[in-house]
Amino acid sequence: MEQWGKIAIVLTLFGFLKDFRPSDPFVVQFLNGSWHNISAEQINQQVFPVGTYSYGIQLVITFLITDYFRYKPLIILSGVAGIGYWALFVGTKSLVWLQVAEVFYGTYKSADVAFWSYIYARVDKSCYQKITSYTKSASQLGKFAGAVGAQILLFYGLVDYLDLNYVSLAVQLCTTSIAVFLPSAPKSIYFNRSATSIPSEKYHARNDSSSPPTVGDEAIAKLSAMELLWFHAKSAYSNFTVLRFSIWYAVASCIYYQTVLYVQVLWKTISGTATTKVVHWNGAVEAVLTISSAVITFSAGFVPAKMLHVPYALAGLSCISFMQGGILLISGLTGNLWVAYGAHICYSILHAFTITLLCSEIAGNICRDSFGLVFGINAMIGSVLQCLLTVVMVNCSTIKGQFVVYAGVSGGMGVLFSVLLMVELRKWWKIVFYMVKARLSPRKKVVLDGNKNHQLA
């Protein structure tokens, strides 16, 4: 088998195992059960926020050092942190140690960026699309298999929530072992450039009339790592299309990850008010969500390119923001668990569809070598916003109140992009007006005076 095939198999297997975590849909039930006896309010205010802060702070650090250490050490660190997280989860009953586990979880999630950068460092650029497809599909399949397996095993009483965490711990041990034997990346984009790794793609902007500055290959090759970082960032965000889409990306990611983190607490709160015993279908919801997101993400590739141009894109982002706000409002106000399940599925599918299209549009307006930088900056801004939102919300509101606030933020994004749309349309209508005026106004006009004499005006 050729070298490319071996690398693809290893990375695909790693991507599957990395996201095969059957305990994930039932974290709140595990913490709230007899193993830990922590109330939903404590989970909401004392446990999960630690993970959010840890992730936000560590993402900044890992983002900066991932390229320097050429990815692999960070992948191993992510696996070790995952082992620490699940080992503490199953081995302690102390609230303080659970908070320490959340610090490990922040490391685990923040270092995850290394794997998605590593896959591009190990293959030729001609194979980028294939390796992205393989690893992303394997990741989705891992989530799906974990969720379905957990739900079936729990439904038939073959395991309990503690057993699911032992399975997740065992899988983390496997992925970390594989990570140790992954081949090292020979180079990286900024700090470990080889003499031949000179960017050869020119910057381009499909939707913006003002293209970013361009620099020749030889000039780029002479830039230091920090100078190249600054050049890529400045070139990307000086494109107004990239800037607008990045604002939506960062804020939407912030709200999405907040809802994913706290939605189990919301479901537990809703089910806790029920008068009859409630069967928790978190695993089934996660499975439906995963497979639906995979389908909708695939279908996003068939959206006509014309519909992604700026006026249509701004209108779409505005409408989707209002829709997401409405769905989150329903989640925060409903007392029906099935409605809450359905709302989360609809919200997450909308997010998956929109973020896929946004990523393609942002990528289409920047050079390939700055993909990781731009999306990393957007993710970093999103995580900082998430930390700020957590500081404000967790001690000042109930879980239902939090979702109402998330709905308000989504609605605010709808208003912002409606304003941006009106500004854009005003510019377009000016162009249309002058075009129509030019067509209707002939260069020479014949005027008939009172004496029936023809004059040229």
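# Questions on a predicted model

Student: What percentage of the contacts in the protein with a separation of 6 or more comes from residues 24 or more positions apart?
Tutor: A contact here means heavy atoms within 4.5 Å. Among the contacts in the protein whose partners have a separation of 6 or more, the share that belongs to residues 24 or more positions apart is 81%.

Student: How many helices and strands does the protein have?
Tutor: The model is a predicted one, in which local features need pLDDT of at least 70 and side-chain atom pairs count only at pLDDT 80 or more, while totals for chains, interfaces and linings use all residues. Residues are numbered from 1 along each chain as its sequence is written, and side-chain values use heavy atoms, with hydrogens and water left out. Helices (H or I, at least four residues) and strands (E, at least two) are DSSP runs numbered from the N terminus, and the protein has 16 helices and two strands.

Student: What part of the 457 residues in the protein is buried?
Tutor: A residue is called buried under 20% relative accessible area, exposed over 50% and partly exposed in between, using a 1.4 Å probe and protein chains only. Of the 457 residues in the protein, the buried ones make up 47%.

Student: Which helix gives the most residues to the largest nonpolar core?
Tutor: A nonpolar core is a set of buried Ala, Val, Leu, Ile, Met, Phe, Trp, Tyr and Cys residues joined through side-chain atoms within 4.5 Å. The largest one has 72 residues, of which Leu31, Phe48, Phe89, Trp248 and Phe403 touch the most other members. With 15 residues, the helix that gives the most to this core is H11 (residues 240-272).

Student: From which domains does this core draw at least three residues each?
Tutor: The domain bounds come from an automatic or database domain assignment. With at least three residues drawn from each, the core takes in domain 1 (1-189) and domain 2 (227-441).

Student: Which residues does Leu31 touch, not counting residues up to four places away in sequence?
Tutor: Leu31 belongs to the largest nonpolar core and is one of the residues that touch the most other members. Once residues up to four places away in sequence are set aside, Leu31 touches His36, Asn37, Ile38, Ile43, Val47, Phe48, Phe89 and Leu98.

Student: How many residues does another core, apart from this one, have?
Tutor: This other core includes Leu11, Tyr71, Ala114 and Trp116. The number of residues in it is 20.

Student: How many residues apart along the chain are Asp112 and Lys18, which form a salt bridge?
Tutor: A salt bridge is a side-chain nitrogen of Lys or Arg within 4 Å of a carboxyl oxygen of Asp or Glu, and the closest N and O atoms of Asp112 and Lys18 are 3.3 Å apart. The pair links distant parts of the chain, with Asp112 in the loop between helix H5 (95-110) and helix H6 (113-121), Lys18 in helix H1 (residues 3-18), and a spacing in residues of 94.

Student: Which residues are joined into one network by salt bridges that share partners?
Tutor: Asp19 forms a salt bridge with Lys18, at 3.2 Å between the closest N and O atoms, and another with Arg21, at 3.1 Å from N to O. Asp19 is buried at a relative accessible area of 8%, and Arg21 also counts as buried, at 9%. Through shared partners, the bridges join Lys18, Asp19, Arg21, Asp24 and Asp112.

Student: What is the approximate area of the nonpolar surface patch made by Ile152, Leu153, Phe155, Tyr156 and Leu158?
Tutor: Patches are made of residues with over 30% relative accessible area and no salt bridge, where like charges are joined within 9 Å and nonpolar side chains (Val, Leu, Ile, Met, Phe, Trp, Tyr) within 5 Å. Ile152, in helix H7 (residues 128-155), is partly exposed at 45%. Together, Ile152, Leu153, Phe155, Tyr156 and Leu158 make a patch of about 550 Å².

Student: Is Asn37, with its positive phi, buried or exposed?
Tutor: Most residues other than glycine have a negative phi. Asn37 has a phi near 55 degrees and sits in the loop between helix H2 (27-32) and helix H3 (40-65). Because its relative accessibility is 61%, Asn37 counts as exposed.

Terms used:
Accessible areas come from the Shrake-Rupley method with a 1.4 Å probe; for residues, only the protein chains shown count as cover.
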